[in-house]
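I set out to look up the charged pairs and the enclosed space in this model. My entries follow in the order in which I made them.

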Amino acid sequence: MEKSGVKIAAQNRKAYHDYFVEDRYEAGIELFGTEVKSIRKGALNLKDAYCIAKNGELYLHGMHISPYEHGNIFNKDPVRPRRLLMHKREIQKLQALAQQDGYALVPLSVYFKNARVKIEVGVCKGKKNYDKRQAIAQRDAKRDIARAMKVR
C-alpha cells in the first residue's frame, strides 16, 4: 500500500529571490536508494542547482545530496548530474523556452508525492537588482501591515 500526500523535502528560496517564476512543471528524478534515504532525512541542497535540456533529455546539475551514513560502497557522488523524468513533448517545450534570451530552468522544490521523489521545475526569467529591491520593499510593507493589524 502506497503512502498518499505530499511532503516537501527542500525548497529553493534563492530561486524566488533571483528569478521571476513564470511557469512550473513536475518531474520525476532518477535516483539511487541511498540518495532517497538522504532526501528523506532532508540532507539536500538546491541553492545553486539548475536544469539543462540536451539530446531530448533533461538533467539537473548542482543539487547536493549528502552521502547516507549507512550507505558504505553504495553512496554516489553528492553533486553528480541527475536525469529528470518527463514526457518527451514537455522536455521539448522546456528546451525551446530555455533557449529564449533571459530564461532559465530552475528547480524550485523537492518533495515526496505518493512515496516517489518529485522535483518542481520552474521556467524563470532573471531579476535585475532594482527588481530585487522592489520585491524586498513589498515584502517589508506586507510585514508591517500584518504587524499593525495584529497589534489592534
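Entry 1. I looked up arginine 83 in this predicted model. With a relative accessible area of 27%, arginine 83 is partly exposed, because that value lies between the limits of 20% for buried and 50% for exposed. Its side chain meets that of glutamate 30 in a salt bridge, at 2.7 Å from N to O. I noted that the pair links distant parts of the chain, 53 residues apart. Glutamate 30 sits in the loop between β2 (19–29) and α2 (33–41), and arginine 83 belongs to strand β7 (residues 82–85). Glutamate 30 also counts as partly exposed, as its relative accessibility is 38%.

Entry 2. I then asked which residue forms a salt bridge with glutamate 35. The partner is arginine 82, and the closest N and O atoms are 3.1 Å apart. This pair, too, links distant parts of the chain: glutamate 35 lies in helix α2 and arginine 82 in strand β7, 47 residues apart. Are these two residues buried or exposed? I found both glutamate 35 and arginine 82 to be buried.

Entry 3. I turned to helix α4 (residues 129–151), which holds both arginine 147 and aspartate 144. The two are three residues apart, about one turn of the helix. They form a salt bridge whose closest N and O atoms are 3.5 Å apart. I recorded a relative accessible area of 49% for arginine 147, so this residue is partly exposed. Aspartate 144, at 45% relative accessibility, is likewise partly exposed. I also noted a network in which salt bridges that share partners join Lys14, Asp18, Asp48 and Lys132.

Entry 4. I looked up the total and found 11 salt bridges in the structure. As a general remark, side chains of opposite charge can pair when their charged atoms come close.

Entry 5. I next asked how many cavities of 30 Å³ or more a search of the whole structure finds. The search finds one. The volume of the largest cavity is about 50 Å³. Its lining consists of Thr34, Glu35, Ser38, Ile65, Ser66, Pro67, Tyr68, Asn75, Lys76, Asp77 and Pro78. I noted that α2 gives the largest share of this lining, three residues. By character, the lining divides into four nonpolar, four polar and three charged residues. Glutamate 35 therefore appears twice in my notes: as a salt-bridge partner of arginine 82, and among the residues that line the largest cavity.

How values were computed. Residues are numbered from 1 along each chain as its sequence is written. This is a predicted model: local features need pLDDT of at least 70, side-chain atom pairs count only at pLDDT 80 or more; totals for chains, interfaces and linings use all residues. Side-chain values use heavy atoms; hydrogens and water are left out. A salt bridge is a side-chain nitrogen of Lys or Arg within 4 Å of a carboxyl oxygen of Asp or Glu. Helices (H or I, at least four residues) and strands (E, at least two) are DSSP runs, numbered from the N terminus. Buried means under 20% relative accessible area, exposed over 50%, partly exposed in between (1.4 Å probe, protein chains only). On a 1 Å grid over the protein atoms alone, a cavity is a set of points where a 1.4 Å probe fits but cannot get out, and a pocket is an open set with protein on both sides within 12 Å along at least five of seven lines; lining residues have an atom within 4 Å of a point. Grid points are joined across faces, edges and corners, and a volume is the space filled by probe spheres set on the points. Ala, Val, Leu, Ile, Met, Phe, Trp, Tyr, Cys and Pro count as nonpolar, Asp, Glu, Lys and Arg as charged, and the others, Gly among them, as polar.
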